[in-house]
Amino acid sequence: MSIILTLIVFSVLVFVHEFGHFIMAKKNGICVVEFSIGMGPRLFSFDKGETKYSWKLVPFGGSCQMLGEDEDVEDNERAFNNKSVWARMVVLAAGPVFNFFLAFVLSVIVIGSVGYDPCIVIEPDDGTAVEEAGLEAGDVITEYNGKNIVISRDLFLQEYMYPVTKDDVTIKYKRDGKEYTATVTPKEVYSMGISFYANDDPAEVLSVVNGSAIEEAGVKAGDVITSINGEKIEKGKDISDYLDENPLTSENIELEFKRDGKTIKKSVEPRITYSIGLKYNTGRVKTGALGVLRYSFTEMRYDSESVIKSLWMLITGKIGAEAVSGPVGIANIVDDAYEQTKSQGAFDVFLNMAYLTVLFSVNLGVVNLIPFPALDGGRLLFLVVEAIRRKPVPKEKEAVVHFVGMAILMVLMVFILFNDIKKII
């Protein structure tokens with residue numbers, strides 16, 4: 001079933017992306033030679049009008065092959081390269097745009113069913129920095145160090161990107177309809193160096209602080225903690241409850257966690273770090289029709305921001321290559337999501353798959369708009385240059401650039417595939 005769901009997710013993503021190119025090509029009078037889902041040899045195909053429709057063997061990727069896209073066809077006005085620069089821009093941008101549209105539609109379904117995650121403060125512990133700064137349970141955080149906060153994941157991403165240091169943290173929040181500002185001075189505390197959702201889901205490690213003792217011990221994002229110092233951990237909230245009752249000191253803690261079905265034991269020595277002791281809601285609450293539309297746009301904005309910031313962290317070396325996943329890694333994610341929700345019924349499985357498709361679709365849209373050769377964004381960049389110069393870049397030169405870009409992408413895909421398989425093994 002996981003394999004079937006993975007193929008469905010990939011097929012939907014690719015079909016919508018290529019259909020965007022296809023429909024806008026048709027609208028602009030461009031001849032589409034072949035519209036295909038998958039890569040490699042054709043499993044079956046049929047001709048309708050001027051276009052061949054194909055389903056190919058390898059269920060990853062697809063194409064919308066247009067007449068004159070990669071070569072000059074001077075005597076045919078329906079060739080891609082014979083259309084205006086603006087028409088070609090619309091056709092190339094349509095793929096990513098349709099991915100964003102798919103993400104929005106599915107976000108409406110997901111948020112309409114389970115709601116959104118407001119950033120509401122949970123009762124601060126006594127003596128923490130936020131408690132001394134005056135924050136109370138029920139306060140709604142609207143800004144964190146100048147970053148606008150709409151959903152709790154905005155704050156999670158901000159904390160992940162910019163961990164708390166000894167510098168003061170400025171928080172704006174609403175209470176009873178009024179807005180307040182608090183300046184919070186971080187305190188030195190012992191920390192394991194992980195982040196997690198303190199809810200009723202399995203105690204999965206969301207991220208690991210670079211250079212922390214727990215990273216050196218080999219704990220990775222995606223590991224599921226099952227025991228701390230011999231005390232059983234079944235859900236994320238259990239970690240929070242344990243740490244409330246047993247504050248960390250310089251003494252080692254014995255940690256058990258699961259990775260790919262195997263139980264691993266590690267001894268970790270907590271290190272001193274800085275904390276403001278802020279706890280906030282990660283669950284979801286229902287909202288009205290207008291709220292569903294608003295937070296569906298918020299979902300897309302957040303996912304796009306996450307992709308862009310993650311790429312920047314990858315480029316700057318703040319996260320390693322192991323954080324990148326390709327088709328095999330995505331299949332593994334789909335499998336985990338299915339296993340976690342299959343006991344709850346078909347509708348919950350559907351919502352989980354829809355949520356993942358939102359993430360993947362936004363990811364595909366953003367990545368395809370990167371101005372890198374062979375991607376839609378790279379081709380759009382050449383058209384922008386053409387619009388500015390009022391004449392196209394010589395096709396042979398553009399073809400060489402895209403060929404080099406495609407070669408780099410293929411090498412990258414092989415590396416990611418190897419990385420995915422290595423993580424699973």
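## How α1 meets α9

Let's start with a pair of helices in this predicted model. Helix α1, which covers residues 2-27, packs against α9 with the two axes 10 Å apart and an angle of about 40° between them. An angle counts as oblique when it is neither under 35 degrees, nor over 145, nor in the 65 to 115 range, so α1 is oblique to α9. As for handedness, α1 passes α9 in a right-handed crossing.

If you're wondering why these two values keep turning up, the angle between the axes and the distance between them are how two packed helices are described.

## α9 has another partner: α2

Helix α9 spans residues 346-368, and its axis also comes within 8 Å of the axis of helix α2, residues 85-114. These two cross at roughly 150°. Angles over 145 degrees count as roughly antiparallel, which means that α2 is roughly antiparallel to α9. The crossing of α2 past α9 is left-handed.

What kinds of residues make up the contact of α2 with α9? The split is 17 nonpolar and seven polar, with no charged residues.

## A cavity lined by α2 and α9

Where is empty space left inside a protein? Rolling a probe the size of a water molecule over the atoms shows that. Here, searching the whole structure turns up one cavity of 30 Å³ or more. The largest cavity holds about 40 Å³ of space.

Which residues line the largest cavity? If you want to find them in the structure, look for S107, V110, I111, R284, E299, Y355 and V358. Helices α2 and α9 each give at least two residues to this lining, and α2 has the largest share, with three. Sorted by class, the lining of the largest cavity has four nonpolar residues, one polar and two charged. The α2–α9 contact, by comparison, has no charged residues.

## Two loop residues with positive phi

Now for a couple of spots in the loops. D176 isn't a glycine, yet its phi is positive, at about 55°. You'll find D176 in the loop between β5 (169-175) and β6 (178-184). Is D176 buried or exposed? D176 is exposed, with a relative accessible area of 76%.

N229 is another case: its phi is near 50°, a positive value in a residue other than glycine. The loop that holds N229 runs between β10 (224-228) and β11 (231-232). N229 has 38% relative accessibility, so it counts as partly exposed.

## Pairs set apart along the chain

Some residues are worth picking out along with a partner from elsewhere in the sequence. Take D244, which sits in helix α6 and counts as partly exposed at 38% relative accessibility. How many residues separate D244 from D125 along the sequence? They are 119 residues apart, while their C-alpha atoms are 8.2 Å apart in space. V414 belongs to helix α11 (residues 395-424). With 56% relative accessibility, V414 counts as exposed. Its partner here is G326, 88 residues away in sequence, with a C-alpha to C-alpha distance of 9.3 Å.

Next come two loop residues. E251 lies between α6 (236-245) and β12 (253-259), and E251 is exposed, with a relative accessible area of 60%. There are 20 residues along the chain from E251 to R271, and 9.6 Å between their C-alpha atoms. K342 is in the loop that links α8 (327-341) to α9. K342 counts as partly exposed, with 43% relative accessibility. From K342 to N352 is 10 residues in sequence and 9.9 Å in space, C-alpha to C-alpha.

## The whole protein

Let's step back and take in the full model. How many helices and strands does the protein have? It has 11 helices and 14 strands. Measured out along the principal axes, the box filled by the C-alpha atoms is roughly 80 × 50 × 40 Å. The protein has 425 residues, and 42% of them count as buried.

Key
Residues numbered from 1 in each chain as written. Predicted model: local features only at pLDDT ≥ 70, side-chain atom pairs only at ≥ 80, totals over all residues. Heavy atoms only, no water. Axes fitted to C-alpha atoms, helices over the stretch in contact; angles between N-to-C directions. Helix = DSSP H or I, 4+ residues; strand = E, 2+ residues; numbered from the N terminus. Left-handed = near helix turned anticlockwise from the far one by under 90°. Nonpolar A, V, L, I, M, F, W, Y, C, P; charged D, E, K, R; others polar. 1 Å grid on protein atoms, 1.4 Å probe; cavity = no way out; pocket = protein on both sides within 12 Å on 5 of 7 lines; lining within 4 Å. Points joined across faces, edges and corners; volume = space filled by probe spheres on them. Buried < 20%, exposed > 50% of the residue type's maximum accessible area, 1.4 Å probe, protein only.
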